[in-house]
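I sat down with this model today and wanted to see how protein and DNA meet. My notes follow, one strand at a time.

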There are 2 protein chains.
Amino acid sequence: MQESLKSFHSYLTHNNLKLTKQRMLIFKVFMSGQDEMSPEDLLNIVQDVDEGISRSTIYRTLKHLHSAGIARCIHRGDGTTYYEPMGDQSCRMICERCGRTIPIKNPYFECIQKETARQQGFTLFRYQCVIHGLCSACIEQEYTAPPGTTTHSKQRRPA
Amino acid sequence: MQESLKSFHSYLTHNNLKLTKQRMLIFKVFMSGQDEMSPEDLLNIVQDVDEGISRSTIYRTLKHLHSAGIARCIHRGDGTTYYEPMGDQSCRMICERCGRTIPIKNPYFECIQKETARQQGFTLFRYQCVIHGLCSACIEQEYTAPPGTTTHSKQRRPA
DNA sequence: CTCAGTGCAAATGATTTGCACCAGC
DNA sequence: GCTGGTGCAAATCATTTGCACTGAG
(Lines give C-alpha, C1' and ligand atoms only; values in the text may rest on other atoms or scores of the structure.)
Protein backbone atom coordinates (compact mmCIF):
# COMPACT_ATOMS: atom_id res chain seq x y z
CA MET A 1 0.00 0.00 0.00
CA GLN A 2 2.78 2.41 0.99
CA GLU A 3 4.68 1.29 -2.07
CA SER A 4 1.66 1.76 -4.33
CA LEU A 5 0.94 5.15 -2.92
CA LYS A 6 4.46 6.14 -3.80
CA SER A 7 3.94 4.90 -7.37
CA PHE A 8 0.70 6.77 -7.63
CA HIS A 9 2.19 9.95 -6.35
CA SER A 10 5.14 9.63 -8.67
CA TYR A 11 2.87 8.97 -11.61
CA LEU A 12 0.78 12.01 -10.84
CA THR A 13 3.79 14.25 -10.42
CA HIS A 14 5.43 13.07 -13.62
CA ASN A 15 2.27 13.77 -15.54
CA ASN A 16 1.35 17.14 -14.14
CA LEU A 17 -1.64 15.72 -12.34
CA LYS A 18 -2.88 16.69 -8.94
CA LEU A 19 -3.51 14.61 -5.86
CA THR A 20 -7.05 15.61 -5.01
CA LYS A 21 -9.01 14.33 -2.05
CA GLN A 22 -11.26 12.39 -4.46
CA ARG A 23 -8.30 10.60 -6.01
CA MET A 24 -6.88 9.85 -2.60
CA LEU A 25 -10.12 8.39 -1.35
CA ILE A 26 -10.61 6.28 -4.46
CA PHE A 27 -7.05 5.07 -4.20
CA LYS A 28 -7.48 4.03 -0.58
CA VAL A 29 -10.77 2.27 -1.10
CA PHE A 30 -9.44 0.52 -4.17
CA MET A 31 -6.30 -0.68 -2.42
CA SER A 32 -8.14 -2.00 0.60
CA GLY A 33 -10.54 -4.07 -1.48
CA GLN A 34 -9.86 -7.79 -1.23
CA ASP A 35 -11.44 -8.79 -4.46
CA GLU A 36 -11.66 -7.48 -7.99
CA MET A 37 -14.31 -4.84 -8.33
CA SER A 38 -16.26 -3.07 -11.02
CA PRO A 39 -16.32 0.71 -11.32
CA GLU A 40 -19.86 0.51 -10.00
CA ASP A 41 -18.79 -1.49 -6.94
CA LEU A 42 -16.06 1.00 -6.26
CA LEU A 43 -18.44 3.91 -6.68
CA ASN A 44 -20.80 2.42 -4.11
CA ILE A 45 -18.12 1.96 -1.49
CA VAL A 46 -16.57 5.34 -2.15
CA GLN A 47 -19.92 7.06 -1.88
CA ASP A 48 -20.45 5.56 1.55
CA VAL A 49 -17.59 7.78 2.63
CA ASP A 50 -18.15 10.78 0.40
CA GLU A 51 -21.62 11.04 -1.09
CA GLY A 52 -20.53 13.62 -3.61
CA ILE A 53 -18.05 11.65 -5.68
CA SER A 54 -19.28 11.06 -9.20
CA ARG A 55 -19.17 8.09 -11.46
CA SER A 56 -17.06 10.02 -13.96
CA THR A 57 -14.38 10.57 -11.36
CA ILE A 58 -14.30 6.87 -10.59
CA TYR A 59 -13.77 6.06 -14.26
CA ARG A 60 -11.19 8.77 -14.71
CA THR A 61 -9.27 7.73 -11.63
CA LEU A 62 -9.33 4.04 -12.49
CA LYS A 63 -7.65 4.86 -15.76
CA HIS A 64 -4.92 6.66 -13.94
CA LEU A 65 -4.48 3.79 -11.49
CA HIS A 66 -4.14 1.49 -14.43
CA SER A 67 -1.68 3.73 -16.23
CA ALA A 68 0.30 4.03 -13.04
CA GLY A 69 0.61 0.26 -12.95
CA ILE A 70 -1.36 0.04 -9.73
CA ALA A 71 -4.54 -1.50 -11.04
CA ARG A 72 -4.92 -4.46 -13.28
CA CYS A 73 -7.99 -4.45 -15.42
CA ILE A 74 -10.05 -7.44 -16.38
CA HIS A 75 -12.48 -7.45 -19.26
CA ARG A 76 -15.21 -9.97 -18.78
CA GLY A 77 -16.88 -11.60 -21.70
CA ASP A 78 -20.20 -9.98 -20.91
CA GLY A 79 -18.90 -6.47 -21.43
CA THR A 80 -18.26 -5.65 -17.80
CA THR A 81 -14.87 -4.48 -16.62
CA TYR A 82 -13.30 -5.27 -13.29
CA TYR A 83 -10.22 -3.90 -11.62
CA GLU A 84 -8.00 -5.29 -8.93
CA PRO A 85 -4.80 -4.15 -7.25
CA MET A 86 -1.65 -5.46 -8.97
CA GLY A 87 0.61 -7.83 -7.14
CA ASP A 88 -1.04 -11.07 -6.27
CA GLN A 89 -2.07 -13.85 -8.62
CA SER A 90 -1.80 -12.67 -12.15
CA CYS A 91 -2.91 -15.82 -13.93
CA ARG A 92 -6.38 -17.20 -13.95
CA MET A 93 -8.83 -19.26 -15.88
CA ILE A 94 -12.20 -17.84 -16.73
CA CYS A 95 -15.17 -19.80 -17.90
CA GLU A 96 -16.52 -18.09 -20.97
CA ARG A 97 -20.01 -19.11 -20.20
CA CYS A 98 -20.66 -18.67 -16.50
CA GLY A 99 -17.82 -16.34 -15.61
CA ARG A 100 -16.39 -18.56 -12.90
CA THR A 101 -12.78 -17.57 -12.18
CA ILE A 102 -10.06 -19.94 -11.07
CA PRO A 103 -6.61 -18.63 -10.16
CA ILE A 104 -3.63 -20.50 -11.56
CA LYS A 105 -0.77 -21.39 -9.26
CA ASN A 106 1.59 -23.35 -11.51
CA PRO A 107 5.01 -21.74 -10.99
CA TYR A 108 6.36 -22.89 -14.35
CA PHE A 109 3.63 -20.97 -15.96
CA GLU A 110 4.96 -17.61 -14.94
CA CYS A 111 8.49 -18.37 -16.01
CA ILE A 112 7.41 -19.52 -19.43
CA GLN A 113 5.26 -16.50 -19.88
CA LYS A 114 8.07 -14.16 -19.10
CA GLU A 115 10.49 -16.04 -21.26
CA THR A 116 8.07 -16.22 -24.15
CA ALA A 117 7.36 -12.56 -23.91
CA ARG A 118 11.06 -11.80 -23.96
CA GLN A 119 11.58 -13.97 -27.03
CA GLN A 120 8.88 -12.14 -28.91
CA GLY A 121 10.40 -8.78 -28.18
CA PHE A 122 7.49 -7.98 -25.96
CA THR A 123 8.81 -6.30 -22.87
CA LEU A 124 6.59 -7.50 -20.11
CA PHE A 125 6.53 -4.62 -17.73
CA ARG A 126 3.35 -5.84 -16.17
CA TYR A 127 1.10 -8.54 -17.36
CA GLN A 128 -1.91 -10.61 -16.80
CA CYS A 129 -2.60 -14.01 -18.21
CA VAL A 130 -6.06 -15.29 -18.82
CA ILE A 131 -7.07 -18.64 -20.15
CA HIS A 132 -10.58 -18.60 -21.47
CA GLY A 133 -12.31 -21.92 -21.56
CA LEU A 134 -15.36 -23.74 -20.41
CA CYS A 135 -15.66 -25.09 -16.91
CA SER A 136 -16.94 -28.60 -16.41
CA ALA A 137 -20.41 -27.51 -15.36
CA CYS A 138 -20.80 -25.51 -18.53
CA ILE A 139 -19.46 -28.22 -20.78
CA GLU A 140 -22.26 -30.48 -19.66
CA GLN A 141 -24.73 -27.91 -20.82
CA GLU A 142 -22.97 -26.81 -23.98
CA TYR A 143 -24.91 -29.04 -26.33
CA THR A 144 -27.97 -29.24 -24.18
CA ALA A 145 -29.21 -25.70 -24.38
CA PRO A 146 -28.34 -22.53 -26.29
CA PRO A 147 -26.61 -19.75 -24.38
CA GLY A 148 -28.73 -17.71 -22.07
CA THR A 149 -31.30 -20.42 -21.70
CA THR A 150 -30.00 -22.08 -18.57
CA THR A 151 -29.96 -20.93 -15.00
CA HIS A 152 -26.26 -21.63 -14.88
CA SER A 153 -25.24 -19.29 -17.63
CA LYS A 154 -25.15 -15.50 -17.51
CA GLN A 155 -24.34 -15.37 -13.83
CA ARG A 156 -21.72 -12.71 -13.32
CA ARG A 157 -19.96 -13.17 -10.05
CA PRO A 158 -20.50 -16.62 -8.65
CA ALA A 159 -20.01 -16.86 -4.88
CA MET B 1 -14.38 -25.73 -43.08
CA GLN B 2 -16.24 -28.95 -43.83
CA GLU B 3 -15.56 -30.02 -40.27
CA SER B 4 -16.81 -26.73 -38.88
CA LEU B 5 -19.90 -26.80 -41.00
CA LYS B 6 -20.65 -30.19 -39.54
CA SER B 7 -20.23 -28.81 -36.01
CA PHE B 8 -22.44 -25.89 -36.82
CA HIS B 9 -25.13 -28.07 -38.26
CA SER B 10 -24.95 -30.45 -35.34
CA TYR B 11 -25.17 -27.57 -32.90
CA LEU B 12 -28.20 -26.17 -34.64
CA THR B 13 -29.95 -29.51 -34.76
CA HIS B 14 -29.24 -30.31 -31.14
CA ASN B 15 -30.66 -26.98 -30.12
CA ASN B 16 -33.75 -26.89 -32.24
CA LEU B 17 -32.38 -24.12 -34.36
CA LYS B 18 -32.77 -23.71 -38.08
CA LEU B 19 -30.22 -23.37 -40.80
CA THR B 20 -31.41 -20.27 -42.59
CA LYS B 21 -29.77 -18.72 -45.61
CA GLN B 22 -28.63 -15.80 -43.45
CA ARG B 23 -26.87 -18.09 -40.99
CA MET B 24 -25.29 -20.01 -43.81
CA LEU B 25 -23.98 -16.89 -45.48
CA ILE B 26 -22.62 -15.49 -42.25
CA PHE B 27 -20.98 -18.80 -41.49
CA LYS B 28 -19.28 -18.94 -44.89
CA VAL B 29 -18.05 -15.38 -44.79
CA PHE B 30 -16.82 -15.80 -41.24
CA MET B 31 -14.93 -19.00 -42.02
CA SER B 32 -13.24 -17.60 -45.09
CA GLY B 33 -11.93 -14.56 -43.23
CA GLN B 34 -8.18 -14.70 -42.67
CA ASP B 35 -8.03 -12.40 -39.74
CA GLU B 36 -10.03 -11.71 -36.64
CA MET B 37 -12.99 -9.48 -37.36
CA SER B 38 -15.47 -7.34 -35.52
CA PRO B 39 -19.22 -7.80 -35.90
CA GLU B 40 -19.14 -4.59 -37.92
CA ASP B 41 -16.46 -5.92 -40.27
CA LEU B 42 -18.45 -9.06 -40.77
CA LEU B 43 -21.61 -7.11 -41.40
CA ASN B 44 -19.91 -5.10 -44.12
CA ILE B 45 -18.64 -8.13 -45.98
CA VAL B 46 -21.88 -10.01 -45.59
CA GLN B 47 -23.88 -7.08 -46.87
CA ASP B 48 -21.78 -7.01 -50.03
CA VAL B 49 -23.41 -10.32 -50.82
CA ASP B 50 -26.83 -9.79 -49.33
CA GLU B 51 -27.77 -6.20 -48.70
CA GLY B 52 -30.68 -7.13 -46.49
CA ILE B 53 -28.90 -8.86 -43.62
CA SER B 54 -29.18 -6.91 -40.41
CA ARG B 55 -26.74 -6.12 -37.68
CA SER B 56 -28.91 -7.98 -35.17
CA THR B 57 -28.60 -11.16 -37.18
CA ILE B 58 -24.85 -10.84 -37.25
CA TYR B 59 -24.72 -10.52 -33.48
CA ARG B 60 -27.19 -13.34 -32.96
CA THR B 61 -25.32 -15.63 -35.32
CA LEU B 62 -21.91 -14.85 -33.87
CA LYS B 63 -23.18 -15.96 -30.49
CA HIS B 64 -24.27 -19.23 -31.96
CA LEU B 65 -20.94 -19.71 -33.71
CA HIS B 66 -19.26 -19.11 -30.40
CA SER B 67 -21.52 -21.49 -28.54
CA ALA B 68 -20.94 -24.07 -31.21
CA GLY B 69 -17.23 -23.81 -30.57
CA ILE B 70 -16.58 -22.50 -34.07
CA ALA B 71 -15.71 -18.94 -33.22
CA ARG B 72 -13.31 -17.69 -30.63
CA CYS B 73 -14.11 -14.30 -29.26
CA ILE B 74 -11.61 -11.68 -28.24
CA HIS B 75 -12.46 -8.78 -26.01
CA ARG B 76 -10.22 -5.83 -26.57
CA GLY B 77 -9.46 -3.42 -23.81
CA ASP B 78 -11.20 -0.59 -25.63
CA GLY B 79 -14.56 -2.28 -25.48
CA THR B 80 -14.52 -3.70 -28.98
CA THR B 81 -15.05 -7.38 -29.60
CA TYR B 82 -13.45 -9.44 -32.32
CA TYR B 83 -14.11 -12.94 -33.48
CA GLU B 84 -11.98 -15.41 -35.33
CA PRO B 85 -12.37 -19.01 -36.43
CA MET B 86 -11.10 -21.53 -33.89
CA GLY B 87 -8.18 -23.70 -34.76
CA ASP B 88 -5.03 -21.76 -35.43
CA GLN B 89 -2.87 -19.96 -32.91
CA SER B 90 -4.68 -19.76 -29.62
CA CYS B 91 -2.13 -17.86 -27.59
CA ARG B 92 -1.16 -14.27 -28.05
CA MET B 93 0.17 -11.23 -26.32
CA ILE B 94 -1.75 -8.00 -26.46
CA CYS B 95 -0.42 -4.61 -25.60
CA GLU B 96 -2.87 -2.99 -23.24
CA ARG B 97 -2.07 0.41 -24.53
CA CYS B 98 -1.82 0.30 -28.30
CA GLY B 99 -3.60 -2.96 -28.99
CA ARG B 100 -0.71 -4.52 -30.89
CA THR B 101 -1.14 -8.31 -31.01
CA ILE B 102 1.69 -10.80 -31.06
CA PRO B 103 0.99 -14.51 -31.46
CA ILE B 104 2.84 -16.88 -29.15
CA LYS B 105 4.50 -19.91 -30.62
CA ASN B 106 6.20 -21.53 -27.61
CA PRO B 107 5.14 -25.19 -27.67
CA TYR B 108 5.72 -25.71 -23.96
CA PHE B 109 3.22 -23.05 -23.33
CA GLU B 110 0.30 -24.99 -24.65
CA CYS B 111 1.21 -28.12 -22.77
CA ILE B 112 1.50 -26.31 -19.50
CA GLN B 113 -1.76 -24.59 -20.05
CA LYS B 114 -3.59 -27.81 -20.64
CA GLU B 115 -1.94 -29.50 -17.71
CA THR B 116 -2.63 -26.58 -15.42
CA ALA B 117 -6.22 -26.48 -16.46
CA ARG B 118 -6.58 -30.18 -15.78
CA GLN B 119 -5.04 -29.80 -12.32
CA GLN B 120 -7.50 -27.11 -11.42
CA GLY B 121 -10.48 -29.19 -12.42
CA PHE B 122 -11.10 -26.89 -15.31
CA THR B 123 -11.97 -29.01 -18.29
CA LEU B 124 -10.47 -27.17 -21.19
CA PHE B 125 -12.78 -27.99 -24.00
CA ARG B 126 -11.61 -25.03 -25.94
CA TYR B 127 -9.47 -22.21 -24.76
CA GLN B 128 -7.68 -19.06 -25.57
CA CYS B 129 -4.74 -17.64 -23.75
CA VAL B 130 -4.00 -13.98 -23.65
CA ILE B 131 -1.13 -12.24 -21.96
CA HIS B 132 -1.82 -8.60 -21.43
CA GLY B 133 1.20 -6.42 -21.11
CA LEU B 134 2.86 -3.39 -22.51
CA CYS B 135 4.88 -3.52 -25.68
CA SER B 136 8.25 -1.87 -25.76
CA ALA B 137 7.05 1.16 -27.70
CA CYS B 138 4.40 1.84 -25.09
CA ILE B 139 6.71 1.34 -22.17
CA GLU B 140 8.86 4.18 -23.39
CA GLN B 141 5.85 6.43 -23.24
CA GLU B 142 4.29 5.14 -20.05
CA TYR B 143 5.77 7.74 -17.79
CA THR B 144 6.10 10.38 -20.43
CA ALA B 145 2.48 11.10 -21.15
CA PRO B 146 -0.87 10.13 -19.68
CA PRO B 147 -3.00 7.66 -21.63
CA GLY B 148 -4.73 9.00 -24.69
CA THR B 149 -2.31 11.83 -25.11
CA THR B 150 0.10 10.27 -27.56
CA THR B 151 -0.28 9.41 -31.20
CA HIS B 152 0.84 5.90 -30.43
CA SER B 153 -1.92 5.09 -28.03
CA LYS B 154 -5.56 4.44 -28.84
CA GLN B 155 -4.82 2.95 -32.21
CA ARG B 156 -6.97 -0.11 -32.62
CA ARG B 157 -5.66 -2.37 -35.27
CA PRO B 158 -2.08 -1.58 -36.18
CA ALA B 159 -1.05 -2.82 -39.62
C1' DC C 1 -3.32 32.78 -9.40
C1' DT C 2 -3.49 29.23 -12.85
C1' DC C 3 -4.42 24.95 -14.77
C1' DA C 4 -6.15 20.67 -13.90
C1' DG C 5 -10.20 18.28 -11.54
C1' DT C 6 -14.89 17.70 -10.58
C1' DG C 7 -20.04 16.90 -10.92
C1' DC C 8 -23.63 16.92 -13.83
C1' DA C 9 -26.25 15.96 -17.74
C1' DA C 10 -26.09 14.87 -22.29
C1' DA C 11 -23.68 12.09 -25.86
C1' DT C 12 -21.73 7.93 -27.59
C1' DG C 13 -21.17 3.30 -29.20
C1' DA C 14 -21.68 -1.51 -28.79
C1' DT C 15 -25.06 -4.77 -28.12
C1' DT C 16 -29.90 -6.31 -27.12
C1' DT C 17 -34.79 -6.59 -27.48
C1' DG C 18 -39.94 -6.16 -28.74
C1' DC C 19 -42.64 -6.83 -32.44
C1' DA C 20 -44.94 -8.06 -36.72
C1' DC C 21 -44.00 -10.47 -40.61
C1' DC C 22 -41.37 -14.57 -42.96
C1' DA C 23 -39.43 -19.11 -43.82
C1' DG C 24 -37.20 -23.77 -42.53
C1' DC C 25 -38.50 -28.40 -41.25
C1' DG D 1 -48.68 -25.28 -40.25
C1' DC D 2 -45.99 -24.59 -36.23
C1' DT D 3 -41.86 -22.54 -34.32
C1' DG D 4 -38.15 -20.28 -34.58
C1' DG D 5 -35.81 -16.37 -37.56
C1' DT D 6 -35.45 -11.89 -39.34
C1' DG D 7 -35.28 -6.72 -39.98
C1' DC D 8 -36.28 -2.66 -37.99
C1' DA D 9 -36.49 0.77 -34.62
C1' DA D 10 -36.34 1.66 -30.01
C1' DA D 11 -34.11 0.42 -25.65
C1' DT D 12 -30.08 -0.63 -22.68
C1' DC D 13 -25.80 -0.39 -20.50
C1' DA D 14 -21.16 0.85 -19.78
C1' DT D 15 -18.33 4.52 -20.59
C1' DT D 16 -17.08 9.25 -22.26
C1' DT D 17 -17.41 14.11 -22.88
C1' DG D 18 -18.64 19.28 -22.80
C1' DC D 19 -19.05 22.72 -19.69
C1' DA D 20 -18.95 25.95 -15.90
C1' DC D 21 -17.35 25.99 -11.44
C1' DT D 22 -13.79 24.64 -7.75
C1' DG D 23 -9.45 23.62 -5.59
C1' DA D 24 -4.41 21.90 -5.44
C1' DG D 25 0.27 23.39 -6.10
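**Notebook: the two DNA strands**

I began with the make-up of the surface near DNA strand D, and I found that its residues divide into five nonpolar, nine polar and seven charged. A reminder to myself before going on: this is a predicted model.

**Strand D, who comes nearest.** I looked up the residues around DNA strand D and got 21 of them; A:Tyr59, B:Lys18, B:Thr20, B:Arg23 and B:Thr57 come nearest. Next I asked which part of the strand the protein meets. Of the strand D atoms within 4 Å of the protein, 66% belong to sugar or phosphate, and the rest belong to bases.

**Strand D, phosphate contacts.** I then went through some phosphate oxygens of strand D. From chain A, a polar side-chain atom of A:Lys63 lies 2.8 Å from one. From chain B, I noted B:Ser54, with a polar side-chain atom 2.7 Å from a phosphate oxygen of this strand. B:Gly52 uses its backbone instead: an N or O atom there lies 3.0 Å from a phosphate oxygen of strand D.

**Strand D, which elements.** Where does the surface near strand D come from? I found at least two residues each from α4 of chain A and from α2 (21-32) and α4 of chain B. The largest share is that of α4(A), with five residues.

**Strand C, who comes nearest.** I turned to DNA strand C and looked up its surroundings in turn. There are 21 residues around strand C, and those that come nearest are A:Thr20, A:Arg23, A:Thr57, B:Tyr59 and B:Lys63. For the strand C atoms within 4 Å of the protein, I read 68% as sugar or phosphate and the rest as bases.

**Strand C, phosphate contacts.** Two of the nearest residues caught my eye here. A:Thr20 has a polar side-chain atom 2.6 Å from a phosphate oxygen of strand C. For A:Arg23, I also wrote down 2.6 Å between a polar side-chain atom and a phosphate oxygen of strand C. Chain B adds a backbone contact, as an N or O atom of B:Leu19 lies 3.2 Å from a phosphate oxygen of strand C.

**Strand C, which elements.** The elements giving two or more residues to the surface near strand C are α2 (21-32) and α4 (55-67) of chain A, together with α4 (55-67) of chain B. Which element gives the largest share? I found that α4(B) does, with five residues.

**Last entry.** I closed with the make-up of the surface near strand C: five nonpolar residues, nine polar and seven charged.

Terms used:
Residues numbered from 1 in each chain as written. Chains lettered and ligands numbered in written order. Predicted model: local features only at pLDDT ≥ 70, side-chain atom pairs only at ≥ 80, totals over all residues. Heavy atoms only, no water. Near = heavy atom within 4 Å. Polar contact = N/O pair within 3.5 Å; in protein donor to acceptor, adjacent residues only side chain to side chain. Helix = DSSP H or I, 4+ residues; strand = E, 2+ residues; numbered from the N terminus. Nonpolar A, V, L, I, M, F, W, Y, C, P; charged D, E, K, R; others polar.
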